[in-house]
Amino acid sequence: MAKDPICGMTIDERRALKVNQGRKDYFFCSPHCKDKFLKRSQQPVPAPQPKDIKAIYTCPMHPEVRQDRPGDCPKCGMPLESTGLAAEDDSERQLVRSLSVKFWGGLVLAVPVTVLAIGEMIPAVSIHDLVSTSVSAWLQLILATPVVLWSGGFFFIKGWQSLVNRSLNMFTLIALGVGAAYGYSAVAVLLPGIFPEDLKVEGRLNLYFEAAAVITVLVVLGQLLEARARSQTGQAIKALLGLAAKNAHRIRDGHEEEVAIDDVHKGDLLRVRPGEKVPLDGIIVEGRTTIDESMISGEPMPVAKTAGERVIGATINQTGTFVMKTEKVGAETLLSQIVNMVAEAQRSRAPIQKLADRVSGYFVPAVILVAILAFIIWWWIGPPPSLAYAIVNAVSVLIIACPCALGLATPMSIMVGVGRGAQTGILVKNAEAIEKAEKITHVLTDKTGTLTEGKPKVTAAHPAAGVDEALLLHVAGSLEQASEHPLARAVVDHVRARGLDVPKIEDFDSVTGAGVKGRLNGVVVTLGNEKFITDTVGEVPRDLEDKAVQMREKAQTVVWVAQERKVLGVLGIADPIKATTTSAIRELHRLGLKVIMLTGDHRATAQAIAAELGIDNVRAEVDPAGKRKIVQEFKQKGALVLMAGDGINDAPALAEAEVGVAMGTGTDVAIESAGITLVKGDLNGIVKALKLSRQVMHNIRQNLFFAFIYNALGVPVAAGVLYPFTGLLLNPMIAGAAMSFSSVSVISNALRLRRLKL
């Protein structure tokens, strides 16, 4: 007996349909099951995908709070945020939708409550001619109840949680204030007989349904604006994700097919045509093109790419068609890593946040104490009806002192600033790096790959008298083609770029640390340092010797070329300085920073480059451990150090510095050790990162000022300190509006960073 692999039926092998596949027999109960099996077996087996990791939800204000489901922070009451990709977080959209419904529903009901409560104050209108006092009171109760308990119900849930968790917060104050105004008014309507006569004005009790309803609507509006602002802070990242390609042209067995991105695996060959998005990260194996990488690096100039060079998913192919081999898929791609890094940074907390946390920790209990004192004092010495005055002023204190703006001040600026940086190719690992970067005094930078291109090139070619430059390059390219020296590739690439042939060398021999030699068309040719050539040909021409000295002074490595016993000329090879390095160093100096170059190169080479760039100090012939010691040395002298590098050898120094900046073109180890990563490996990015840091920290201080000033000025006025002098009291509705306005001020100020020019 056998089991049908499609339907699971047990069948007799002698009577079943049989298929042999992969040296194994399969048995089927019917042609339908057999055809289904064959069709399935012809489809490519998908590569195993990593298992979905369950999202963890955390609080941006209290990172220690972590749970596996959406909800509210038990400490501050703020909605928890997913640690997954922000662009795919449905809970954020659901929160905005829910708050919108609560706001508009509450507003529709709060308007008639307000009209009924203050109708007598409206000119030419007398509400009480249309609705009696008792009917008006009952209508206000009926209309205000859903506003307070439905629209604002979450205030009371979060307020209760704050008491249970012994972590008083903004919702504690709101729940107490709104609850007191609504509770007093509801009891006054339902059980008016329990109140003493001295509380009544013209035989009736004052009601505060309109204050409870309007405050609830204003607070819900503030929460809605905050939720929308939080969703806007991730727009830069969501836009990047949205720009990712949805499909790709895969080449298999010589055939091209269009497939979804999710079906592409590592090693697949993909064809990319002009105008299309590069599907995923990979390497070009055929063709040449120019690619617009501005969405990743922030740089508008297209980048030329040829076979062997890497391309980044979501960038836009411009001019040529090419075939690429996929190297990274899914969460491994640069785009996904950027999104994850930025999401983590937006949830991190800057050290300055501790100030706001400390203030909030003392502020909320102090406000409750002030509200209790205001209630007692007004009830004791206030004018009649003193209890009514006591309730109104206590509620006003609780509402206007709500520290929601204080809680928003730092996280909003961090989230917007990190998102803005991502748009320009500055990836911040955490908020601490932003705060520390503002105070940097010294910039220590590696040379190769940071100040320079990191790719040696032939920068000069000087043939001997009577020698054609083409012959010099022809011989040099042929010899270096067979060499394994690190500089050999630079010579070969230069010769081929000139359109010259590089034929194969015979009898090739390499002398370690000296040069190479061989036979080209039967003639002995040599290439190497001056001593190696002198030993071969005897004496070198004086004019070429002078040229060699000049080239060394310009930090070029000099290569001599000879044929038989005649010197053909010299080549200068150097690692070119990046086009933006000079202007970037000038800008760093303008910002008041000292620039120090650390390199493992020879001192003469390092000094030449430093002199050309105007660098303040040079430390040459430094090993990885030495770079870290130099960072420690500057820190001991009181300097605040930013270290920039791109290699594994820079990782210890990057980790040691106050702020480590890794070039995105560098190694994963360097990037992991740094607090800031520049997608485009460019010193100019450091200037942008420092400007971003200064603007974000300036924005945070403005927000903290807005938050503190409203509370500092509002609480005494709400408590009634101006009443003896001016007769002025703060209506709880005005207090609610002022509290919401403080939050709106903080949110609006933080969102200005989205338009920051770097």
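1. Let's start with Glu-564, which sits in the loop between strand S25 (557–563) and strand S26. In this predicted model, Glu-564 has a positive phi of about 55° although it is not a glycine. That deserves a second look, because most residues other than glycine have a negative phi. Is Glu-564 buried or exposed? With a relative accessibility of 41%, Glu-564 counts as partly exposed.

2. A companion case is Asp-507, a residue of strand S22 (residues 506–511). Its phi is near 50°, again a positive value in a residue other than glycine. Asp-507 counts as exposed, because its relative accessible area is 58% and the cut-off for exposed is over 50%. When you look at the 3D view, try finding Asp-507 in S22 and then Glu-564 in the loop between S25 and S26.

3. Next, please look at helix H16 (residues 488–497), where Ala-488, Ala-490, Val-491, Val-492 and Val-495 are buried. What do these buried residues pack against? Their neighbours are strand S21 (457–463), helix H15 (469–481) and strand S26 (566–574). You have met S26 already: the loop holding Glu-564 lies between S25 and S26. A useful idea for reading a list of helix residues is that an α-helix has 3.6 residues a turn, so residues three or four places apart point the same way. Just after H16 comes Gly-499, with a positive phi of about 80°.

4. Now for some strands. Strand S10 (residues 247–252) and strand S11 (residues 255–260) run antiparallel and are joined by 6 bridges. Within this pair, Arg-252 stands opposite His-255 in S11. S10 and S11 form a hairpin with 2 residues between them, and Asp-253 in the turn has a positive phi of about 55°.

5. S10 has another partner as well: 3 bridges join S10 to strand S12 (residues 269–272), and these two strands also run antiparallel. Here His-249 stands opposite Arg-271 in S12. While tracing these strands, keep in mind that in a regular strand the side chains alternate between the two faces of the sheet.

6. On to helix pairs. Two packed helices are described by the angle between their axes and the distance between the axes. For helix H12 (residues 386–400) and helix H24 (residues 684–719), the angle is about 170° and the axes are 8 Å apart. This makes H12 roughly antiparallel to H24, because angles over 145 degrees count that way. H12 contributes Asn-393, Ser-396, Val-397 and Ile-400 to the contact, while H24 contributes Asn-711, Gly-714, Val-715, Ala-718 and Ala-719. The residues of this contact divide into 5 nonpolar, 4 polar and no charged.

7. How do helix H4 (residues 133–151) and helix H5 (residues 153–164) pack? Their angle is about 45°, with axes 4 Å apart, which means that H4 is oblique to H5. From H4, Val-148, Leu-149, Trp-150 and Ser-151 meet Gly-153, Phe-154 and Phe-156 of H5. The contact of H4 with H5 has 5 nonpolar residues, 2 polar and no charged.

8. Finally, step back to the whole protein chain. Its secondary structure comes to 26 helices and 31 strands. Of its 758 residues, 49% count as buried. The accessible surface is about 36,100 Å², and 56% of that belongs to carbon and sulfur atoms. Among contacts with a separation of 6 or more, 65% are between residues 24 or more positions apart.

Methods: Residues numbered from 1 in each chain as written. Predicted model: local features only at pLDDT ≥ 70, side-chain atom pairs only at ≥ 80, totals over all residues. Heavy atoms only, no water. Axes fitted to C-alpha atoms, helices over the stretch in contact; angles between N-to-C directions. Parallel < 35°, antiparallel > 145°, perpendicular 65-115°, else oblique. Contact = heavy atoms within 4.5 Å. Nonpolar A, V, L, I, M, F, W, Y, C, P; charged D, E, K, R; others polar. Buried < 20%, exposed > 50% of the residue type's maximum accessible area, 1.4 Å probe, protein only. Areas by Shrake-Rupley, 256 points an atom, 1.4 Å probe, with all protein chains shown as cover. Pairing = 2+ DSSP bridges.
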